[in-house]
Amino acid sequence: MAFPTHKIRSLGDFDGLWTLSVHCRCCEHSREIPARFFIQIYGTRSRLTAVAAKLYCSRCRVRRCRCEGKDFETAVRIPR
Ligand SMILES: [Zn+2]
Ligand SMILES: [Zn+2]
């Protein structure tokens, strides 16, 4: 199930069992990032919006693409 990112406020919501899917509109590169990964770095109380703002498309960054890796959309997958 995919939800808009705003369903998650803090990284620890839903017991940290959700996954963030990131899709680059520019190069079509997609990846799935488990909440655990973010929690290890930022802790359970960090806001997802703040963390998502730091994301970028690694492919576009490497290529020094015009979009600077920032032309992506995100969705949250929450296990039922
Ligand atoms: Zn890209
Ligand atoms: Zn790009």
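The following exercises, with worked solutions, concern a predicted model of a single chain.

**Exercise 1.** Work out how many helices and strands there are in the chain, and which pattern the chain follows along the sequence.

*Solution.* Begin by counting the elements, which gives three helices and four strands in the chain. Then read along the sequence, where these elements appear in the pattern β-β-β-α-α-α-β. The radius of gyration of the chain is 13 Å, close to the 12 Å given by the globule rule for 80 residues, so the chain is as compact as a globular protein of that length.

**Exercise 2.** Describe the box that the C-alpha atoms fill, the share of residues that count as buried, and the share of contacts made by residues 24 or more positions apart.

*Solution.* Taken along the principal axes, the box filled by the C-alpha atoms is roughly 35 × 25 × 15 Å. Next, 16% of the 80 residues count as buried. Finally, among contacts with a separation of 6 or more, 70% are accounted for by residues 24 or more positions apart.

**Exercise 3.** Place Tyr 42 in its element, decide whether Tyr 42 is buried, partly exposed or exposed, and find which residues Tyr 42 touches.

*Solution.* First, Tyr 42 lies in helix H1, which covers residues 35-42. Second, Tyr 42 has 16 other C-beta atoms within 10 Å; because a residue is buried at 20 or more and exposed at 12 or fewer, Tyr 42 is partly exposed. Third, leaving aside residues up to four places away in sequence, Tyr 42 touches Leu 11 and Val 51. Of these, Leu 11 is 31 residues apart from Tyr 42 in sequence, while their C-alpha atoms are 8.3 Å apart in space.

Notes: Residues are numbered from 1 along each chain as its sequence is written. Chains are lettered from A and ligands numbered from 1 in the order in which they are written. This is a predicted model: local features need pLDDT of at least 70, side-chain atom pairs count only at pLDDT 80 or more; totals for chains, interfaces and linings use all residues. Helices (H or I, at least four residues) and strands (E, at least two) are DSSP runs, numbered from the N terminus. The radius of gyration is taken over C-alpha atoms; the globule rule is 2.2 Å times the number of residues to the power 0.38. Two residues are in contact if their C-beta atoms, placed from the backbone, lie within 7 Å.
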